[in-house]
Amino acid sequence: MFYIGTNTKLYHDVETKSGPWSGQQALGGKAKQIAVANDADGAQELFYIGTDDGLYHNYQKGANGAWQGQASLGGKALSIAADLDANGRVDLLYIGTNTELYRNVQNAPDAGWQGQRKLASGPTDFAEPQQP
């Protein structure tokens, strides 16, 4: 589980195999909104809009791996969504602070990012369907 604290800091908590939660763990960074997707290898990718409206991401190195720390993806956003596309790449959609819709997708599963690409102008909201 990922969440933004009342102090705007990012946290996560994991349910253990025996049932109880592991306890709140800080991930670093401050956020207004978050989105989460799993990589093709099962690692988790956390995307967030920082308190400065910047677009950031933090990810695990492999399934259940260590968190790699905050990294900027460039751009500024009002709203975000993330999912795995049909090719196994994480797909990030977001409305920029200029109210234009953008997409950034991994080059290949578990690889770097292609960079911001404009999709449309003027959306006020969007939803990305989950892959089966």
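Mentor: A pocket is an open set of grid points with protein on both sides within 12 Å along at least five of seven lines. Keep in mind that this model is predicted.

Trainee: What volume does the second largest pocket have?

Mentor: About 160 Å³. The largest pocket holds about 210 Å³.

Trainee: Which residues lie nearest the centre of the second largest pocket?

Mentor: Asp39, Glu45, Tyr59, Asp110 and Ala111, out of 14 lining residues. To count as lining, a residue needs an atom within 4 Å of a point.

Trainee: How many residues of that lining are charged?

Mentor: In the second largest pocket, 5 are charged, 5 polar and 4 nonpolar. Asp and Glu fall in the charged class, while Tyr and Ala count as nonpolar.

Trainee: How does the lining of the largest pocket divide?

Mentor: Into 7 polar, 5 nonpolar and 2 charged residues.

Trainee: What makes the chain as compact as a globular protein of its length?

Mentor: Start with the elements: 9 strands and 0 helices. The radius of gyration is 15 Å, and the globule rule gives 14 Å for 132 residues. Those values are close, so the chain is as compact as a globular protein of that length.

Trainee: What share of the residues counts as buried?

Mentor: Buried means under 20% relative accessible area. Of the 132 residues, 39% count as buried.

Trainee: How much area does the chain expose?

Mentor: About 7,000 Å², with 48% of it supplied by carbon and sulfur atoms.

Methods:
Residues numbered from 1 in each chain as written. Predicted model: local features only at pLDDT ≥ 70, side-chain atom pairs only at ≥ 80, totals over all residues. Heavy atoms only, no water. 1 Å grid on protein atoms, 1.4 Å probe; cavity = no way out; pocket = protein on both sides within 12 Å on 5 of 7 lines; lining within 4 Å. Points joined across faces, edges and corners; volume = space filled by probe spheres on them. Helix = DSSP H or I, 4+ residues; strand = E, 2+ residues; numbered from the N terminus. Rg over C-alpha atoms; globule rule 2.2 N^0.38 Å. Buried < 20%, exposed > 50% of the residue type's maximum accessible area, 1.4 Å probe, protein only. Areas by Shrake-Rupley, 256 points an atom, 1.4 Å probe, with all protein chains shown as cover.
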